[in-house]
Amino acid sequence: MNFLSSLDDTVPQGTTAAPFGAASDLAFQATEPGEGQRWSTWPATLPSERGPEPRPDWLVTSAAAIDTELGVVKTGKEADLFLIERAVPDAPDEVPGTRSLLAAKRYRTTEHSDFHRSAIYTEGRGTRRTRDMRALTKGTSYGRAVARVQWAYAEFDALGRLFELGASVPYPVQVSDTEVLMEFVGEGRVAAPRLAEVRAGPDELRELFHQVAGFMRTLAFAGLAHGDLSPYNLLVHRGRVVAIDLPQVVDVIANPQGFDLLHRDCVNVCDWFTRRRLECDAEQLFGELVGDVVR
């Protein structure tokens, strides 16, 4: 039996994982992670902590893979985004599922965070453990730690749900503690620009708006709203709009502030496009989305 195949949860035992199997086995046995590296954390995750199936061909699931830190993509008050290469040592680049770039969003620890996600987003959500609920309510250090884990899992769950709905979001790879691994959206090692950074003509602006409105409509049909949508958490990659920063996605009906948050999303989006001389009516968009929610 190929040694690598026994470590890869996507390859049945007794089959060959890839044409380079023997070489990979030797590399796996001889290689140790260096500075800024770790063994792939994929094998340590539960099925519920992994992205939806069918999984993309580029996803690396081999236990022989190594995660290499390539630097910081973006820093924030609540979380930092890092670029990671997950690769099987010495695997040929042309073999699918042996090398990929991932974005690692890590919610900060109590000592290094200005964590302030508003409670309005969590109305209508539940917490199973009474101790956790008390800690969250009191804002203790333990409660803040619980909140970070909850936001990481909330973001992962939202990414998975929206991906399955067909919304334009990064594929969610896995979640563990306060780290969410997801598809890296960009060219090479350069992240895609945010919508706020894009300079576009009238026709391109119109197409970008239709994509953003389509994203919002996909959520509305499922009774959801992004809750914090703006040109700063929408990426533009090869003409395609991709939504990010999703832990606050709200159920418009279950959350008492749901329709207000949906309306704010419409205003934020339309204000930006209007300032760039594209006709956009926030109230009309809001009315259409409300109709999608309550249909």
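How many bridges join strand β4 to strand β6, and do these strands run parallel or antiparallel? In this predicted model, five bridges join β4 (residues 99-107) to β6 (residues 179-183), and the two strands run antiparallel.

**View 1. Pairing of β4 with β6 within the open sheet.** One of the paired positions in this view is A103, whose bridge partner in β6 is M182. The two strands belong to an open sheet of six strands, arranged in the order β1-β2-β3-β4-β6-β5 with antiparallel pairing. At the edges of this sheet lie β1 and β5 (172-176), each of which pairs on one side only. From one strand to the next, the twist averages 30°.

**View 2. Strands β1, β2 and β3.** Strand β1 (residues 37-39) is joined to strand β2 (residues 66-74) by three bridges, and these two strands run antiparallel; here W39 has I66 of β2 as its bridge partner. On to strand β3 (residues 79-87), β2 is joined by seven bridges, again in an antiparallel arrangement, with T68 standing opposite E85 of β3. The connection between β2 and β3 is a hairpin that passes through four residues.

**View 3. Packing of helix α5 against helix α6.** Two packed helices are described by the angle between their axes and the distance between the axes. For α5 and α6 (residues 258-275), the angle is about 175° and the axes are 11 Å apart. Because an angle over 145 degrees counts as roughly antiparallel, the two helices are therefore described as roughly antiparallel to each other. On the α5 side the contact is made by L205, L208, F209, V212 and M216, while α6 contributes D265, C266, V269, C270, W272 and F273. Sorted by class, the contact of α5 with α6 comprises 10 nonpolar residues, no polar residues and one charged residue.

**View 4. The largest nonpolar core, centred in this view on V212.** This core holds 53 residues, of which L162, V212, F215, M216 and F273 touch the most other members. Helix α5 (residues 202-221) gives the most to the core, with nine residues. Leaving aside residues up to four places away in sequence, V212 touches L195, L229, L234, V241, V269 and F273; of these, V269 and F273 also appear among the α6 residues that make the contact with α5.

**View 5. The second nonpolar core.** Separate from the largest core is a second one of nine residues, including L59, F82, I84 and V173.

Note on methods: Residues numbered from 1 in each chain as written. Predicted model: local features only at pLDDT ≥ 70, side-chain atom pairs only at ≥ 80, totals over all residues. Heavy atoms only, no water. Core = buried A, V, L, I, M, F, W, Y, C linked by side-chain atoms within 4.5 Å. Buried < 20%, exposed > 50% of the residue type's maximum accessible area, 1.4 Å probe, protein only. Contact = heavy atoms within 4.5 Å. Pairing = 2+ DSSP bridges. Axes fitted to C-alpha atoms, helices over the stretch in contact; angles between N-to-C directions. Parallel < 35°, antiparallel > 145°, perpendicular 65-115°, else oblique. Nonpolar A, V, L, I, M, F, W, Y, C, P; charged D, E, K, R; others polar.
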